[in-house]
Amino acid sequence: MIDHTPLDLALIGGTGVYAFPGLEGIERRELATRWGTPSSPVATGMVAGKRVAFLARHGEHHTIAPHRINYRANLAALHELGARRVLGINAVGGIRGDMAPRALAVPDQLIDYTCGRASSFCDAEGEPVLHVEFGDPYSASLRRALLAAAKRAGVAVIDGGCYGATQGPRLETRAEIARMRRDGCDMVGMTGMPEAALARELDIEYACIAVIANWAAGCGPQPEAPISLEEIHAHLAAATEQVPAIVRALLAA
Ligand code: HPA
């Protein structure tokens, strides 16, 4: 039986974030949706006296590649649980000069370079087609609340930036990143879309905390060493450590 008490916030954890520290009284829910099974059971519990859900985007053991994630099932499950605000935590590579490894950013724009992903709930003949407004892909009010929370928590966060969503799971070529920079991308990740668009279709307020794990190809100090996975994980661990304080400040407001 699903508890329909509204959630104050749902979190979708990306690479390096498979649980939410400080989530109390956890109940694990194995959900099935019309769109299939979410990436992981959804953990619901309390943070700062508020009801919160957490879902691991790549699965609890990071076994689901970005292009294989069932984004529709993930968003539908959180929506069914009563989520009206969703915060995606997404590892990215930094393109812009200030998007250095270990920094955090709250993007305000995105460009979608993914292909072949199930990217809409409008997928059955005979059902209404939604052309949702998406000029500003992230919720302005959730972004504002998040930035204010980061300030209260004393965590430095870059306000704004354009997230380029690539197909993965491979990293990009230097030429691809050079093109993305020309396009106006400030950071690159593999999971920002279709998550943001699906949230909009469900009328969920959605924002992203981008955790910068590495310089994108060709963007680091030159001559550049190949991107090492160990380094990525060390940067990610250091940066994601700061996220719970922001979330607690957001919920305590
Ligand atoms: N490219 C794409 N996705 C990523 C990167 C990157 O360099 N780093 C972390 N996620």
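Helices (H or I, at least four residues) and strands (E, at least two) are taken here as DSSP runs, numbered from the N terminus. The structure is a predicted model, in which local features need pLDDT of at least 70 and side-chain atom pairs count only at pLDDT 80 or more, while totals for chains, interfaces and linings use all residues. Residues are numbered from 1 along each chain as its sequence is written, and side-chain values use heavy atoms, with hydrogens and water left out.

Two cis peptide bonds are a good place to begin the tour of the backbone. One of them runs from Gly 168 to Pro 169, with omega near -5°. Pro 169 sits in the loop that joins β9 (162–165) to α3 (174–183). The other links Met 193 to Pro 194, and here omega is near 10°. The loop between β10 (187–189) and α4 (195–201) holds Pro 194.

Positive phi values come next. His 62, although not a glycine, has a phi of about 50°. This histidine belongs to the loop between β4 (50–56) and α1 (71–80). With a relative accessible area of 34%, His 62 counts as partly exposed, a term for values between buried (under 20%) and exposed (over 50%), computed with a 1.4 Å probe on protein chains only.

Arg 102 is likewise not a glycine, yet its phi is positive at about 85°. The loop between β5 (85–94) and β6 (104–106) is where Arg 102 is found. Arg 102 is also partly exposed, at a relative accessible area of 42%.
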